[in-house]
Each structure stands twice: as C-alpha cells, then as structure tokens.
Amino acid sequence: MADLVEGEGLEAAERIARHDLARLNYPAANWVPERFAPDGKRVLDVLVVGAGMCGQTAGWNLLREGIRNIRVIDQATYRHEGPWNTTARMPILRSPKHLIGPDLGVSSLTFRAWYEAQHGSAGWEALYKVKRLDWMDYLLWVRKVVDLPVENGVALTNLEPAERYLKATLSTGETISVRRVVLANGRDGAGGFKWPDFPSFDPNDRKRTGKAFHTLEEIDFGKFTGKRVGVLGVLATAVDNAATALEAGAREVICYARRPHLPQVNKSKGVSFPGFQRGQAMLDDDWRWKIYTYMLAAGSPPPHESVLRVQKLPGFSFHFAEPWLDMIVEGAGVTVKTTKATEHFDVVLLGTGFDVDMARRAELATFVPNIKLWGDVRSPEEADENPDAALYPYLGRGFELMEKEPGRTPLLGNIHVFNWGSILSHGPLAGDIPGLFVGSPRLTQAISHSLFRADMAQHVQNMFNQEDPELAPTNYFVPRDRRSGVL
C-alpha cells in the first residue's frame, strides 16, 4: 500500500487512496451483459435505495466487483444522508474509533487514514472517539474518492413485478425496469417510527405540531428555551435528545422509564467479533431466534458519555418505574398521566424507537402479503411472546426477501433488505459500523451470484465466441477456419 499520509491534508490522502485503488484494479470492468425491457430501455442491474453508510458501502462494493450498471438514490439532500447531520444528537459515536467498514479493507480509505491526514498520528492517538459530524464528512470523502454517483432528492415510491423484472417508480415520476433492488434506507427502512399507544394521542393529529415529537424527527431545539420538557424513554436517543434540549435552553427535562433503573450492560459487545458476525446467518432458526429475542428484550444502556453529559446539566432528572398511561395534547402544551402523577409539559419527546413492520412500507404494498416473517417460522406461542420479533422479515442468505407462499410472487427474492430489518436473520450487519465489513460483501456476492446464474447461457456463449488468438504474433498462428479440434 502507499505510504501513510500524516497531516498533509485530504488532497494528499485522496491521491494516496486513488493510487491504492488503481493498484488493486478497482473498480473492475463491467461483466454483466446488457438487458433491455419491452419498451427498449436498458434494464438497470441494481437499484440501491439509500446513500447513507450502508447504501454507500453497498454501492461501492457493487462497482468494485464489476457490477457497474447501478443507480444509488437517496431522498435526502447532499450531506443529509443518514442520521448524522439530521436526527442523531450525540456529540460522538458510540463505537470505538478504530472500527472499519466503509473502507471495505482498503487501509487508505479508513477513518484513521482520513483523520491522520488532517491531524497526524499524534492527533489520532489523542482522539477519544469519533465526532458525529466528522463521521459524516468522512463518509462523504470516501464516496468522493471511490467515484460513487448518488442521486440526491430522489425516493423510491413504488415497487412491483412487471414480467421478468421489477418495476420501480421514483419520486421524480420516472419508472425503471430493474433486476435487483437493495433497500439500504436506514433504521426505519423496514417499518417506521414506533409511536406509543395512548387513548388520547394520535400521531397523525396536526395538534401535536410543535408540542409532541418523536425523537427521530427533525426538531428545532432553539424553540425550547425556558420550556419544561417530558421525555418518554431512557435509552441512547432519548438521553441525547434530553441533553440537546437542556443545552438549547430548556428549563427542565425529565426522562421517564418503565424500568426500575437503566439497562446496565450492552450485550451486543459480546457478539461483536468476526466469528459471530460471519456465523450467525448460518445458524439454525432456533439459535437465531433465541439470540435476538434475548438481545431485543435486554436492550442497551445509553453510552456512559451520554449519561455524563446529561447528569451534569441543571434541570435534568430520571423518573424510573413510572410508565406513562396517557398523554393529551392541548392548546397550552401536553398533559401526561403516569402511574404516579399527572404532569404538564410544554413539549414532550417520544424516545420510543422504531418498528420493524414491512406492512408499513407503502412502496412494497404489492409484495407485503407474501413476505415471509419470523413469526411464520415460529410457533404461535413464541410469536405471541415476542410480537416485535415476529414481524421481522425472514431473509435468505443474501439478505433477500423470502416468499411465504412459494411461487406466488417470484420476483420477491430480487429485493434485498440491507437495513435494520435484517438483524434477526443476519445480525447487526446493516446498520452498525462493526458489522458492515461482513454485511456488504455478503450482499454483493449474493447479487453477483444471482446475476451470473441468470446470464449463464450468454456467458458460456461468449466463451465459445471468444477470439483473442494468443499466437498471432508468432510463426505458429493458425486462422480460425483452418484450426482442428475444439475452437
């Protein structure tokens, strides 16, 4: 590999990285034969939906494997892909600074290389953890260096079967025929926001505007000055939102929990090693169900840095063992009824996470009734005991959706779920930084294999037709029409 760049700036780092990519012959030449739809337009080989960390990495992985006829779209504007510059509100990432993933094994594309190019090795050694916006800038730098085209401001609005191919409708009004679709559309990409079920609260009621927010929504915290804020939830997102509100001038913030105390152990650290990351998808259903129903039930504590951040702020408190029973949005704010009291807040923040529920994805409505779920492969009793886990899609070895009733929707398997909905089937390989170095190559290999198999006859015919005579410059060259044996 090229010499390490220290403190020389990103231009030098980019030059080194591009040279390394050239040495590795990345990206490979396109090898997938062209196909044309009945309307005469070329069929797209892969549509990647989402250009955040997972979508960007998947897109580059496809390019470097010689699958070049792809498009990567993201509904957000440039530099707003993913949560980093929008709804993520922690100053630093939870992950250790040394983790890899978006680099796909190219050392000059690691976060460390990006950081050392600007701050030197001493700066790297002094760094505690990665700043959130630094991670955003790093991802965009990788995207630039690997020459990944991204279409910002474009969303997938509908996906349906159309003879041999999938028909994708985009928010621009364009319709395209596509062979494979990768849903790399974030943590809520296999469902949506999880809203609490209270008798007097309707998340679709416009009365909540400015008074009741989901913590994963974009929020103008500058409007919280002097206000009393109630937060439902005590995990990472809830705590970081609480701190952000107080730092923006809120008078008081209370975080409420059903639990008697904060979760104490991040169990995911116990499975964050290559053997587990590579092996979970190969386990039988019983083991996979056992592992992740436990993980989902256990929960993860907020990072200690987040708790330290908020506990030092005047006006903050936790209320444990005090679940909410109802919340009423009124003209002057929000009334919250708990098991212990009735409180009035100017604003409430709902840190209730997100649902994995494919039925909530309107763009997949045609396929939803036949998507195989984990609840379909477990006993009714197990599904009833773990209703959230039962709604996760049951995916194949390449993150592809599976049919509940085989043969009913044959193109369903051409849709790959490379978002948080894949966790029960594959583990956290499409959302958490530590698993990305396993998840993206697995996805890419599966798509590569499927495209190759589908075009096998043409590949073999191309082999038969291959005419690149090795001996043409010598005295022993024989023209094709005079050769004997296998031509």
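1. The expected span of a helix is 1.5 Å times one less than its number of residues. Keep that yardstick in mind for the two helices discussed below. The model is a predicted one.

2. Start with helix α2, residues 53-64. It has 12 residues and reaches 17 Å from its first C-alpha to its last. That is close to the 16 Å expected at 1.5 Å a residue.

3. Is α2 buried or exposed? Of its 12 residues, 12 are buried, so the helix is largely enclosed by the rest of the structure. The buried set includes M53, C54, W60 and L62. It also takes in Q56, N61 and R64. The cover over these buried residues includes α1, β1 (44-49) and β2 (70-74). Helices α4 and α12 (436-454) are also among the covering elements. After α2 comes G66, with a positive phi near 85°.

4. Helix α3 (residues 111-126) fails the span test. It has 16 residues, yet its end C-alpha atoms are only 15 Å apart. A straight helix would reach 22 Å at 1.5 Å a residue. Where does α3 bend? The bend is at H119, and it is about 115°. Look at H119 on screen when you check the α3 trace.

5. The buried residues of α3 include F111, W114, Y115 and W124. E116 is buried too, as are G120 and G123. Among the elements that cover the buried residues of α3 are α1 (10-23) and α4 (132-145). Both α1 and α4 are also among the elements covering the buried residues of α2.

6. Now the empty space. Rolling a probe the size of a water molecule over the atoms shows where empty space is left. The count comes to 1 cavity of 30 Å³ or more. The largest cavity has a volume of about 40 Å³. Which residues line the largest cavity? They are L93, S95, P96, K97, L99, V130, W135 and I433. By class, this lining has 6 nonpolar, 1 polar and 1 charged residues.

7. The second largest pocket holds about 300 Å³ of space. Its lining has 17 residues. Those nearest the centre of this pocket are A37, D39, T175, I176 and S177. Two elements, β5 (165-170) and β6 (175-183), give two or more residues each to the lining. Strand β6 gives the most, with 3 residues. The lining of the second largest pocket divides into 7 nonpolar, 3 polar and 7 charged residues.

8. Some backbone points deserve a look. The peptide bond from Y26 to P27 is cis, with omega near -5°. P27 is found in the loop between α1 and β1.

9. E163 has a positive phi, near 55°, and is a residue other than glycine. It sits in the loop between β4 (156-162) and β5. Is E163 buried or exposed? E163 is exposed, because its relative accessible area is 71% and the cut-off for exposed is over 50%.

10. A321 also belongs on the list, as a residue other than glycine with a positive phi near 55°. Its loop lies between β11 (316-319) and β12 (324-330). A321 is partly exposed, with a relative accessible area of 33%.

11. A321 is touched by R258, which also touches P323, leaving aside residues up to four places away in sequence. R258 lies in the loop between β10 (252-256) and α6 (274-279). With 71% relative accessibility, R258 counts as exposed. R258 and R164 are 94 residues apart in sequence. In space they are 50 Å apart, C-alpha to C-alpha.

12. Last, T409. Where is T409 placed? It is in the loop between α10 (387-390) and β17 (415-417). T409 is buried, because its relative accessible area is 13% and buried means under 20%. What does T409 touch? Its contacts are F367, N370 and E403, not counting residues up to four places away in sequence. T409 and D45 are 364 residues apart in sequence but 19 Å apart in space, C-alpha to C-alpha.

Methods:
Residues numbered from 1 in each chain as written. Predicted model: local features only at pLDDT ≥ 70, side-chain atom pairs only at ≥ 80, totals over all residues. Heavy atoms only, no water. 1 Å grid on protein atoms, 1.4 Å probe; cavity = no way out; pocket = protein on both sides within 12 Å on 5 of 7 lines; lining within 4 Å. Points joined across faces, edges and corners; volume = space filled by probe spheres on them. Helix = DSSP H or I, 4+ residues; strand = E, 2+ residues; numbered from the N terminus. Nonpolar A, V, L, I, M, F, W, Y, C, P; charged D, E, K, R; others polar. Bend = angle between axes of the 7 residues up to and from the residue. Buried < 20%, exposed > 50% of the residue type's maximum accessible area, 1.4 Å probe, protein only. Contact = heavy atoms within 4.5 Å.
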